[in-house]
Amino acid sequence: MLLYNITNKIDHAVHDEWLHWMQQAYIPHVMESGVFEDYKLSRLLGVDESDGITYALQFTVSSRPAFDIYQEKFAYGHQQMHDLRYRGSFVTFRSVLDVVDQGV
């Protein structure tokens, strides 16, 4: 299992609108790709928020081949959807994590 992690620091001026848009438009659109099993949107705590609020969005995907399909077919369009809408109002960092152990 893999986690596709997108960490965004979003400017205070657009934060409320961005959060609503992420929950109502962006995340549902990404999930419609059919690649991801689920997601979690989390706010980072204990970090400096003077220049923005930081969130980690994690999508669960079953395998590397499945994630490769996402990368080939959907990733660029999803990134552009976000980046063009909020240009100049965020910093982002994307990573892929390999889950080596999981508990209940």
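**Exercise 1.** In this predicted model, determine which elements the salt bridge between Asp 83 and Arg 94 ties together.

*Solution.* Begin with the contact itself: the side chains of Asp 83 and Arg 94 meet in a salt bridge, with a distance of 3.7 Å from N to O, which falls inside the 4 Å cut-off for such a pair. Next, place the partners: Asp 83 belongs to helix α2, while Arg 94 sits in strand β4 (residues 90-98), so the bridge joins parts that are eleven residues apart in sequence. Finally, consider the surroundings of Arg 94, which counts as partly exposed because its relative accessibility is 26%.

**Exercise 2.** Work out how Arg 64 and Asp 68 are placed relative to each other in helix α2.

*Solution.* The two residues form a salt bridge whose closest N and O atoms are 3.0 Å apart. Both lie in helix α2 (residues 64-85), and because they are four residues apart there, about one helical turn separates them. As to accessibility, Arg 64 is partly exposed at 49%, and Asp 68 is likewise partly exposed, with a relative accessible area of 29%.

**Exercise 3.** Establish which parts of the chain are linked by the pair Asp 51 and Lys 9.

*Solution.* First, the closest N and O atoms of the salt bridge between Asp 51 and Lys 9 are 3.0 Å apart. The pair links distant parts of the chain, for Asp 51 lies in the loop between β2 (38-43) and β3 (53-61), whereas Lys 9 lies in strand β1 (residues 2-10), 42 residues apart. Lastly, Asp 51 is partly exposed at 46% relative accessibility, and Lys 9 is partly exposed at 23%.

How values were computed. Residues numbered from 1 in each chain as written. Predicted model: local features only at pLDDT ≥ 70, side-chain atom pairs only at ≥ 80, totals over all residues. Heavy atoms only, no water. Helix = DSSP H or I, 4+ residues; strand = E, 2+ residues; numbered from the N terminus. Buried < 20%, exposed > 50% of the residue type's maximum accessible area, 1.4 Å probe, protein only.
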